[in-house]
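Q: Hi! Could you walk me through this model before I head back to the bench?
A: Happy to, here it is.

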There are 2 protein chains.
Amino acid sequence: MSRTETTLNPEEYMPLREVVFLTLRRQILRGELKPGERLMEITLANKLGVSRTPIREAIRKLEHEGLVVMVPRRGAHVADITRQELGDVLEIRRSLDVLAIRRAVRLMTEKEVRELKDAEETFSKLIGEDESDLTLLGEADEQFHDIIYRGTRNRRLIQILNNLREQMYRFRVEYLKDIDIRQTLIREHDAIVKAVEERREEEAVRVMKLHIDNQYRTINKALDMRCAGVQNA
Amino acid sequence: MSRTETTLNPEEYMPLREVVFLTLRRQILRGELKPGERLMEITLANKLGVSRTPIREAIRKLEHEGLVVMVPRRGAHVADITRQELGDVLEIRRSLDVLAIRRAVRLMTEKEVRELKDAEETFSKLIGEDESDLTLLGEADEQFHDIIYRGTRNRRLIQILNNLREQMYRFRVEYLKDIDIRQTLIREHDAIVKAVEERREEEAVRVMKLHIDNQYRTINKALDMRCAGVQNA
DNA sequence: GCATCTAAAAATGTCTATATAATGATGAAA
DNA sequence: TTTCATCATTATATAGACATTTTTAGATGC
């Protein structure tokens, strides 16, 4: 098959495995591929119009990201996050987000702080609108945190945090639905921006912890509503 | 070629990619494959007596572990850790090891605490011997920390910490050479065991931080000695 | 009616071949 | 002598074929 059909960015070269990886990843995060669903190589190869090789390599990457689980000789299936694991991930994020905000407060340039402020404004504007697109909202939230991550100047930290956040994209829609939460989010983001601006490290840490803890509570509440929506594999 | 030649553990099934992965990983960590060295698929395939497919998939895994770097269309080479990146990794480990020891102090069973004590004794006995095997010593150290990690009951945390530790195995030999350091290590391990036994969380955290900070200093010293031994890629 | 065994179908693991891209060397021209 | 262009070599990316294993469905026996 021709490359141009599937390539998203014709400018730069991207291996097919990468295209397949991004495609599958998006489908999993959006819930189009449901937890437990099997990923069969031949089926996917036919569906995406590529051979099995790039499919296999994409699945390896997804496996390492924790989005799919491999069982030798029995193939891959979409990982099913238990509530326990969700808590595990958030606990790690809490530690690392604290580290990140500490570094960011110290290292971010004035220009970056302004970017952070802009991102916060974009986010709150989006929330202000009625009928706001949850996907857009999620992306704006992601953008906000990305700026902080980049401000750490620690590439490995950025990589790990992005990976951990990714684990939770599947619940993002769930928890952004809650109207009350959105106002809380704005307040927290606002407080973070202010603390960073004034280079008050401990205050920033305090708010960030609050931010993560609230996220934990909110997601758990959303899961309770959905009633056993993510109970085990 | 027959499977049995390469399989380490004939009991259980292990995909070839896994065998290749472990083989290459060990060679990189031991320094047999040096930073910057190219990993050519056909060469490796011939050397290990397998086809290119498992080699490719093993390289993908190594890439994700951060041990090799892929350049599209130009192949893979062994990752070269800069001093900057080493610092980055240790900073993350510091945060997560603190989290780990907190959880371990709270959650480890009495049986596990005894295991930890045993591991510590094994370690210090090994150090006591003259002509101690550095590989064995490294493994004993690994064992000690593994018990703490397992005690956290947080699988994702265990996975991330193991991965981060792995990044530093390449320097392990360097820093275990230093005789003075070994005594310090014993003292620190001892203090950790004691704090865990008595369930004194803050004390355990304090010692753990010290432990990591010392490690940072020691490795940096070792690198200074070696003079620009790991300067950039 | 249920369990067990067998056979067929399907999926994974592995291997090899072909196409494409990149690098390095060689030769010619300025 | 140096530089640029072309060609040959080499390596990767993808595809497709083959072998092995697992699973499922159907038939038979209890």
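Q: Why can we say that the copies meet through the same surface?
A: Because 100% of the interface residues of chain B are also interface residues in chain A, the copies meet through the same surface. Contact here requires C-beta atoms, placed from the backbone, within 7 Å.

Q: Anything I should know about the model and its labels?
A: This is a predicted model, in which local features need pLDDT of at least 70, side-chain atom pairs count only at pLDDT 80 or more, and totals for chains, interfaces and linings use all residues. Residues are numbered from 1 along each chain as its sequence is written, while chains are lettered from A and ligands numbered from 1 in the order in which they are written.

Q: Thanks! How many residues of chain B are in contact with chain A?
A: 22 residues of chain B are in contact with 22 residues of chain A. On chain B, helix H4 (52–65), helix H5 (83–107) and helix H8 (155–177) each supply at least two residues of the side that touches chain A. The largest share, eight residues, comes from H5(B). Helices (H or I, at least four residues) and strands (E, at least two) are DSSP runs, numbered from the N terminus.

Q: And what is that side of chain B made of, by residue class?
A: Nine nonpolar, three polar and 10 charged residues. Ala, Val, Leu, Ile, Met, Phe, Trp, Tyr, Cys and Pro count as nonpolar, Asp, Glu, Lys and Arg as charged, and the others, Gly among them, as polar.

Q: What turn lays chain B on chain A?
A: A turn of 180° with a shift of 0.1 Å along the axis, which gives an RMSD of 0.1 Å. The two copies are thus related as by a two-fold rotation axis. The superposition is by least squares on the C-alpha atoms of residues with pLDDT of at least 70 in both.

Q: Switching to the DNA: which residues are closest to strand D?
A: A:Leu16, A:Val50, A:Ser51, B:Glu41 and B:Gly75 are the closest of the 17 residues that surround DNA strand D. A residue is near a strand if its C-beta atom, placed from the backbone, lies within 6 Å of it.

Q: Which helices supply that surface?
A: Helix H1 (16–29) and helix H3 (52–65) of chain A, together with helix H3 (41–48) of chain B, each supply at least two residues. H3(A) gives the largest share, three residues. By class, the surface near DNA strand D has eight nonpolar, three polar and six charged residues.

Q: What about the sheet in chain B, what is the strand order?
A: E1-E3-E2, an open sheet of three strands with antiparallel pairing. Strand E1 (38–39) and strand E2 (68–71) of chain B are the edge strands, each pairing on one side only. Strands pair if DSSP finds at least two bridges between them.

Q: How many bridges join E2(B) to E3(B)?
A: Four. B:Met70 stands opposite B:Ala76 in E3(B), and B:Ala76 is also the bridge partner of B:Leu39. E2(B) and E3(B) form a hairpin with three residues between them, and B:Arg73 in the turn has a positive phi of about 70°.

Q: Last one: how far apart are the centres of domain 1 and domain 2 of chain A?
A: Their C-alpha centres lie 28 Å apart. Domain 1 covers 3–78 and domain 2 covers 83–226, with bounds from an automatic or database domain assignment. Their contact takes four residues from domain 1 of chain A and five residues from domain 2 of chain A.

Terms used. Contact = placed C-beta atoms within 7 Å.
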